[in-house]
Amino acid sequence: MNVLLLNAGSSSLKCTLMAAADGKVLASGLADWAGAATHYKFAGADGAENAENVSWQGYAEAVRRFLHDLNLAGPIAAVGHRIVHGGPFTASVRITPEVRSRLAILADLAPLHNPPSLATLAAAEAALPDVPHVAIFDTAFHATLPPEAFTYPVPRRWTRDWGIRRYGFHGLSHAYCSRRAAELLGRPAEDLRLVICHLGNGCSAAAVRGGRSVDTTMGFTPLEGLMMGTRSGSIDPSIVLHVQQHHGLTAPQVEAALNHESGLLGVSEVSADMREVLKAAQAGNEQSRLALAVYTHRVRQATGALTVTLGGVDALVFTAGVGEHAAEVRQSICAGLECLGLELDPDANAACRPDADVARPNSRGRIFVITAREDVTMLQDVIQVLGG
């Protein structure tokens, strides 16, 4: 039985076809339109990869192209969908009309992600109406946060009546990395204190103790926390009030600015793509250099805070697009973390091919670069929901 896994990001769609029996990847694809053009690549079971720039963009078009290219890979028994904001959902569920309606209500809490997931779901259900579809929530891994971590210091009625709380995101990635780090260390996950940095177009860090999330940087929505591609991350709430009261911005304008015009793009004024910002910084662009400095400062700051929450750290993990591929960014983040027992080996870092340990041999804590495998967590959840 083959399971199709669809992972809709804020500007991309990943597709993976996996065998339920052994988790073997039978085919995979990625459509990414974060830059000026849509980059599409697809690899079949033989490993041969086709990569090209295409004229289309969007989730529905990507689903259609994936299914066309998957035509020879065998029948699809089920489809798993990554849903960023699960709200009250704390475990994966089979998608029904009622579940779909509840997901639509949550769209405003993750405006860059839940609408794309719903668009992807609609396209997939239209193309594959006779197979079960399963929703797998990015927030579910963080359901173990203790009250002191998920409670905001706001009026009680906000939390009690309106559901205002920290949810946390990138849970599929954090869950996989916590298990993979334990394998690399050769120790049980139950014994470990991990800080995991998921750095892509969206960014979050999490403190994981004993395989369970105990704190994370993203909050009520995916806007809080680290600086991201187009999202601001945490800012003084009074900034929002100030630009509305003194500069005439409306609530929708502020929301659009903080979600779509901030982060790397807003500070550098070059791009939301870390690769382009790095190129500009290396060419002497001062705003791009500042964007990188702010970005790495905030990740370093979060790493320190989460380490204190854990009472120490056995390993720091970098994952996702920037975390896996930007050695210069990793080096800048780790500068100064020696006080936590985390010592980066510059040579190992520069030559890194995930999954790898890039810490110095005598470093008290290890530093891992781990390939993001949200699909592994998704497959496990689909199998569990559908009873094997």
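How many residues of strand β6 are buried? Of the 6 residues in β6, residues 78-83, 6 are buried, so the strand is mostly covered. Buried here means under 20% relative accessible area, with exposed over 50% and partly exposed in between, using a 1.4 Å probe and protein chains only.

Before I go on, two ground rules. This is a predicted model, where local features need pLDDT of at least 70, side-chain atom pairs count only at pLDDT 80 or more, and totals for chains, interfaces and linings use all residues. Residues are numbered from 1 along each chain as its sequence is written, and side-chain values use heavy atoms, with hydrogens and water left out.

Back to the strand. Ala78, Gly80 and Arg82 point one way from β6. Val79, His81 and Ile83 point the other way. In a regular strand the side chains alternate between the two faces of the sheet. On β6, the residues on both sides are buried.

Now the sheet around it. It is open, has 8 strands, and runs in the order β5-β4-β3-β2-β1-β6-β8-β7, with mixed pairing. The edge strands are β5 and β7 (93-94), each pairing on one side only. Strands are DSSP runs of E, at least two residues; helices are runs of H or I, at least four; both are numbered from the N terminus. Two strands pair if DSSP finds at least two bridges between them.

Who are the partners of β6? On one side, β1 runs parallel to β6, joined by 4 bridges. Leu6 has His81 of β6 as its bridge partner. On the other side, β6 pairs with β8 (residues 133-137), again in the parallel sense, over 5 bridges. There, Ile83 is matched with Phe137 in β8. Next comes β7, which pairs with β8 in the antiparallel sense over 2 bridges. Arg94 stands opposite Val134 in β8.

Let me move to a helix residue. Ser117 sits in helix α3 (residues 114-127). Its relative accessible area is 2%, so Ser117 is buried. What does Ser117 touch, leaving out residues up to four places away in sequence? The list is Ala8, Arg82, Ile83 and Val84. Contact means heavy atoms within 4.5 Å. Two of those names should be familiar: Arg82 and Ile83 point opposite ways from β6.

Next, two loop residues. Leu106 is in the loop between α2 (97-105) and α3. Leu106 counts as buried because its relative accessibility is 9%. Beyond its neighbours within four places in sequence, Leu106 is in contact with His85, Gly86, Gly87, Pro88 and Asn114. From Leu106 to Thr303 is 197 residues in sequence, and 29 Å in space, C-alpha to C-alpha.

Asp273 lies in the loop between α9 (263-268) and α10. Asp273 is buried too, because its relative accessibility is 13%. Its side chain makes a polar contact of 2.7 Å with the side chain of Arg275. A polar contact is a pair of N or O atoms within 3.5 Å; within protein, one must be able to donate a hydrogen and the other to accept it, and residues adjacent in sequence count only if both atoms are side-chain atoms.

Last topic: the spaces. The method uses a 1 Å grid over the protein atoms alone. A cavity is a set of points where a 1.4 Å probe fits but cannot get out. A pocket is an open set with protein on both sides within 12 Å along at least five of seven lines. Lining residues have an atom within 4 Å of a point. Points are joined across faces, edges and corners, and a volume is the space filled by probe spheres set on them.

The largest pocket has a volume of about 1,500 Å³. It is lined by 49 residues, and the closest to its centre are Lys14, Leu30, Asp32, Ala320 and Gly321. Elements that each supply at least two lining residues include β1 (2-8), β5 (49-54) and α10 (274-282).

The second largest pocket holds about 920 Å³. Of its 22 lining residues, Phe220, Thr221, Leu223, Val240 and Leu258 are the closest to the centre. Helix α8 gives the largest share of that lining, 5 residues.

Finally, there is 1 cavity of 30 Å³ or more. Its lining includes Pro111, Leu223 and Asn259.
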